[in-house]
Amino acid sequence: MEIIGGGVAAACCDHLLTKEGAILQRSPHPRVSIPALMLSDPARALLRDCLDLPALFSDRPRITRRIVAWGGQEPVELPHHAVMLGAGDLDFAPSGQARYADLAAGDVEMTITTLRTEPDDGLVRFGDRAGETAPVRLLDAGDADACWVEAVEEGWLFMIPSSADSGWLLAIGAPCAQLLDQSRHLAPRIILDAGKAAQFDTTPRMLRTMARNGQLACGSASMAFDPICGDGTALAVRQAILVSAIAVAYREGEEPEALLGHYRAMMTASMRRHLRLCFEFYASGGTGPWWRAQQETLAEGFAACSARLEREPPPRYALEGFRLVPRSLAA
């Protein structure tokens, strides 16, 4: 097996395939660290189980509240269960138990890549939502354990704390400063450091071809969700679990095209579910032109994914733990 790239998905594939006794070939990859991330307890549990690290991130600062001002309503405080991560926390090193070798081309059973393998025209985008992130100073020490979400006229804001007096602001739809000018609730609670703002892509997207010729693409370069659902890390882990199970099934003699078709169908179905959930959020967030435009593109994306699923054969396998079994044998 060959694993190309890094990040959460590659680390999980590395660990799961090592447990199955696979001999791996790893290729060099650039390390890209995110400045800050909020990881929900369910996502942390999934990652912890996948990597066999029971105490993973148990020492990180916790987020216990989510305060939401959505659809023009007054803020509502809800319980939340997550940890705050910093730069480099998700840049896992390869498993210390992995067996590596320099494999000849003919010895590589399957290649798993977390790097972009296609030019940008190989990427299907479901909309076009720009995002910006910037550090902020918290004016209320009581916000150190709370994330804030606020819908405004031209987008929405998401603030996650990183310490007792600092945090990160994400602005979806327009620059941080522009959306803060439209904010009634969050703006009075923070001071923005606009000089350190950085842009990023928040549009749901996926490669047109995620599986072919013995190569499987996974991780954020192959498929990414809108941050409104906060499910990006969990997506990478779920992809890695499925990809690793497919690689093992391939090695054990399952039909290659059936396995690749199963992956294409499952990833398309996952994106369709995500787009449907996003539509519900954007339909309730606002009524202005920006909000209506997001709803239209999400509806178009849902229809496109539905049409694509109709062209794929029904999935022939099911996951049981970290193994793939024919549906006829699934419990």
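## Strands S4 and S5

S4 and S5 run antiparallel to each other and are paired through six bridges. One spot to look for is Arg-62, which sits opposite Val-83 in S5. The two strands form a hairpin with six residues between them, and in this hairpin Gly-71 has a positive phi, near 65 degrees. Keep in mind as you look around that this is a predicted model.

S4 also has a partner in strand S10 (residues 146-152): here the pairing is parallel, with five bridges. On that side, Ala-69 has Glu-150 of S10 as its bridge partner.

## Pro-79, out in the open

Now pick out Pro-79, which belongs to strand S5. Is Pro-79 buried or exposed? Pro-79 counts as exposed because its relative accessible area is 61%, and the cut-off for exposed is over 50%.

Which residues does Pro-79 touch, once those up to four places away in sequence are set aside? They are Thr-64 and Arg-66. You can also check the spacing to Ile-67, which is twelve residues from Pro-79 along the chain: their C-alpha atoms are 8.6 Å apart.

## The whole protein

Time to zoom out. The protein is built with six helices and 20 strands. It has 331 residues, and 49% of them count as buried.

There is also a number for how far along the chain the contacts reach. Take the contacts with a separation of 6 or more: 71% of them are between residues 24 or more positions apart.

## Helix H2 and its buried side

Helix H2 covers residues 41-51, and its buried residues are Ala-43, Arg-44, Leu-47, Cys-50 and Leu-51. Why do they lie on the same side of H2? Around the helix axis they take up an arc of only 130 degrees, so they end up on the same side.

What covers these buried residues? Helices H1 (7-19) and H4 (232-251) are among the elements that do, along with strands S3 (36-40), S4 (62-69) and S5 (76-86). That brings back the hairpin strands, S4 and S5. Just after H2 comes Asp-52, which has a positive phi near 55 degrees.

## An open sheet of three strands

Elsewhere, three strands make an open sheet, in the order S8-S15-S18, with antiparallel pairing. Strand S8 (123-125) and strand S18 (223-224) are the edge strands, each one pairing on one side only.

S8 is joined to strand S15 (residues 205-207) by three bridges, and the two run antiparallel. If you want a residue pair to find here, try Leu-123, which stands opposite Leu-207 of S15.

## Thr-111 and Thr-268

Two threonines are worth a visit. Thr-111 is part of strand S7 (residues 111-113). Thr-111 counts as buried because its relative accessibility is 12%, with the cut-off for buried being under 20%. Its side chain has a polar contact, at 3.4 Å, with the side chain of Glu-2. Apart from neighbours within four places in sequence, the residues in contact with Thr-111 are Glu-2, Ile-4, Gly-214, Gln-215 and Leu-216.

Thr-268 sits in helix H5. Its relative accessible area is 1%, so Thr-268 is buried. The side chain of Thr-268 comes to 2.8 Å from the backbone oxygen of Arg-264. Which residues does Thr-268 contact, leaving aside neighbours within four places in sequence? These are Met-206, Cys-305, Arg-308 and Leu-309. Met-206 takes you back to the open sheet, since strand S15 spans residues 205-207.

## The second largest pocket

The last stop is the second largest pocket, which holds about 330 Å³ of space. It is lined by 19 residues, and the ones closest to its centre are Arg-238, Met-266, Met-267, Ser-270 and Arg-273. Elements that each give two or more residues to this lining are H4, helix H5 (256-285) and strand S19 (317-320).

Which element provides the largest share of the lining? That is H5, with seven residues. Two of the elements at this pocket have come up before: H4 is among those that cover the buried residues of H2, and H5 is the helix that holds Thr-268.

Technical notes:
Residues are numbered from 1 along each chain as its sequence is written. This is a predicted model: local features need pLDDT of at least 70, side-chain atom pairs count only at pLDDT 80 or more; totals for chains, interfaces and linings use all residues. Side-chain values use heavy atoms; hydrogens and water are left out. Buried means under 20% relative accessible area, exposed over 50%, partly exposed in between (1.4 Å probe, protein chains only). Helices (H or I, at least four residues) and strands (E, at least two) are DSSP runs, numbered from the N terminus. The arc is that of the directions from the helix axis to the C-beta atoms. Contact means heavy atoms within 4.5 Å. A polar contact is a pair of N or O atoms within 3.5 Å; within protein, one must be able to donate a hydrogen and the other to accept it, and residues adjacent in sequence count only if both atoms are side-chain atoms. Two strands pair if DSSP finds at least two bridges between them. On a 1 Å grid over the protein atoms alone, a cavity is a set of points where a 1.4 Å probe fits but cannot get out, and a pocket is an open set with protein on both sides within 12 Å along at least five of seven lines; lining residues have an atom within 4 Å of a point. Grid points are joined across faces, edges and corners, and a volume is the space filled by probe spheres set on the points.
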